[in-house]
2 protein chains.
Amino acid sequence: MTDRPAPDRLIIALDAMGGDRAPAMVVAGADIARRHVPDVEYMVFGDEARIRPLLKRRPKLAELCRIIHTTDVITNDVKPSVALRAGRQSSMRLAINAVAAGDAQCVVSAGNTGALMAMAKFALKTLPGIDRPAIASFFPTLRGETVMLDLGANIECRPEHLVQFAIMGSIFGKAVLGLVQPSVGVLNVGAEALKGSETLKETAARLRDMELPGTFHGFIEGNDVPAGTVDVVVTDGFTGNVALKIAEGTARLYGEWLKRTFRSSIFARLGYLLAANAFRKLRNRTDPRQYNGAMFLGLGGICVKSHGGTDAKGFSNAITVGVDLVRHGFNEKVKLELQRFGRSVRPEAVAAPGAMTA
Amino acid sequence: MTDRPAPDRLIIALDAMGGDRAPAMVVAGADIARRHVPDVEYMVFGDEARIRPLLKRRPKLAELCRIIHTTDVITNDVKPSVALRAGRQSSMRLAINAVAAGDAQCVVSAGNTGALMAMAKFALKTLPGIDRPAIASFFPTLRGETVMLDLGANIECRPEHLVQFAIMGSIFGKAVLGLVQPSVGVLNVGAEALKGSETLKETAARLRDMELPGTFHGFIEGNDVPAGTVDVVVTDGFTGNVALKIAEGTARLYGEWLKRTFRSSIFARLGYLLAANAFRKLRNRTDPRQYNGAMFLGLGGICVKSHGGTDAKGFSNAITVGVDLVRHGFNEKVKLELQRFGRSVRPEAVAAPGAMTA
């Protein structure tokens, strides 16, 4: 590959050693992504002796790749704090560093989530105006897709964190999804303003008072997420993580029941054969690989986490998610919006009498 | 009906005016329950002029019913505090009072949840050793059914509350579900002991140290709930409420996708006709009415909340849930177990040096 890409060319840093079936899954994933997202080149971080043969079989991909050799790997059982101290030469960390140094515009890893977040936070820092990055992902709904954040980066959140998630989520809806006025809902146990914890009530009060890049819908309930009531769902990382996994588990339960139903009689089996074509479409729609690629929003560089157990197709989707974030200038738009809306995020800081005498 | 039932007879107090289609739905529901649970009589609280004609058409049910006339109704928009003060002559409150007075063994209502909980707490009190009642319900899983609590009574919980939920949940598993050693899991964002909030870590530490009426499995994740990893899922009311509604919404999403799939082509329609019998079974299994009847556990009397939007079949299920709790002596067993395990619930109270000098 060329050392200096044209300005419309984009470089992705791949952690080739993260994920259950790495590096084969990562390389095969990049090869699928190559066909969907043109003008992308790859920095491939990992064990050259294992990556080189994989690329040899894919000459078109090989032309777009540069291997950066390292033998150090962050395993799944390593604690974030240990990864930070001892993982400085790991494929994951070096891939993040490439984004921090401006050599790549995005990092994609299927490795240890906690370690990736800790190292990305350390090396990329948070965007000005954002206190904590959030994990965001798509949720399939009756009306299409909803983006939800946080999905696990922040177990406990204060109102200002949730307000920042709402801003990032609505900018995502505008910039990446192309929505004119994305609607934002805060996940709660009821739609009435009086419901929920003090943190949620305070969050809603602030969102009602400020100018958002979208519209504030108010509180929503759990069933509103799959119903697609809003475009952006804001919640703390504990609730978001439980919600995502409950939905995934329920989908698996229904898939299993459906399979058992079609196997339960000879008529049902015949019925399946007739409906097979229609069910292929349903299977594509409910394929978890379609939703693979959790975005770490609020960092000084684009970072996408792929599911560790995914395959090449799922990993290619995570690459596409990263490319979308870069190509739509997500981070630049967050910075701009936070400058525009910065004052209204913390109105009390402007109104504080102490500020007058300073 | 007879004034003094035989000891194996059971009296249920029905709030005939609660629910979207009350009182017709309530009376029709009791008529369905009559065929499933024998030796049950009903005290029917509500507007006699409306209930009487409904019973006239059901002579067998009428024999088992006594109407207690009242015109006052708790509507869905009434706040719990207002219901407590102003609803003393309501059908809901009088039905609860019947349990408090020992005239009935269980109350079933499809009315306002918050009002029902507030009035039940006031009139029935909590069981000794239980600080806060919890809402429990069944969750369909790959392995059958799991009981989950709390589903919304307590938005924020301290470790002692969650420990009490674990005790009640495991007694429920033993006494009502007939499990020898029900397994109890605490819902968290990961299975490792280091995950989650301080409240959850403290809860797990206490549950590990104490003798439970079942076995403590440890932390579970959202996907473990529909997978059926444990028999009893313990969580705070906020997380439980979101989890339940996410699962319900996801089920509805899949049902809708399935419907669209079968309608998408002529072959798919034919396939459905062939598989129709098998799908009837699936529909029964996924019928939300099967899971209707949320139990308020930890009160000095049995109280079951039916979904307000359910129909007669769903309401009859809520009655059956109440009958099961009474017939299996749930409350008596909780009292016994709390006496037996009471010391280990709050070990610090025993170990406190102040206790020695008292």
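This is a short walk through how chain A and chain B fit together in a predicted model.

Start with the symmetry. Two copies of a chain are related by a rotation about an axis and a shift along it. Here, a turn of 180° lays chain A on chain B, with a shift of 0.0 Å along the axis and an RMSD of 0.0 Å. That is the relation of a two-fold axis. To find the axis from chain A, look for Gly271(A): its C-alpha is the nearest in that chain, 1.8 Å from the axis. Both copies use the same surface, and 100% of the contact residues of chain A recur in chain B.

Now turn to the interface. Chain A brings 51 residues to the contact, and chain B brings 51 residues. The size of an interface is often given as the accessible area lost when the parts come together. Chain A and chain B bury about 4,600 Å² between them. Carbon and sulfur atoms account for 76% of that area.

Polar links cross the interface too. There are two salt bridges between chain A and chain B. In a salt bridge between Glu221(A) and Lys245(B), the closest N and O atoms lie 2.3 Å apart. Six residue pairs across the interface are in polar contact.

Which elements of chain A supply the side that touches chain B? β5 (134–141), α9 (224–227), α10 (237–263) and α11 (266–286) each give at least two residues. α10(A) gives the most, with 21 residues. By class, this side of chain A holds 28 nonpolar, 15 polar and eight charged residues.

Notes. Residues are numbered from 1 along each chain as its sequence is written. Chains are lettered from A and ligands numbered from 1 in the order in which they are written. This is a predicted model: local features need pLDDT of at least 70, side-chain atom pairs count only at pLDDT 80 or more; totals for chains, interfaces and linings use all residues. Side-chain values use heavy atoms; hydrogens and water are left out. Copies are superposed by least squares on the C-alpha atoms of residues with pLDDT of at least 70 in both. Contact means heavy atoms within 4.5 Å. Buried area is the accessible area (1.4 Å probe) that two parts lose on being put together, summed over both. A salt bridge is a side-chain nitrogen of Lys or Arg within 4 Å of a carboxyl oxygen of Asp or Glu. A polar contact is a pair of N or O atoms within 3.5 Å; within protein, one must be able to donate a hydrogen and the other to accept it, and residues adjacent in sequence count only if both atoms are side-chain atoms. Helices (H or I, at least four residues) and strands (E, at least two) are DSSP runs, numbered from the N terminus. Ala, Val, Leu, Ile, Met, Phe, Trp, Tyr, Cys and Pro count as nonpolar, Asp, Glu, Lys and Arg as charged, and the others, Gly among them, as polar.
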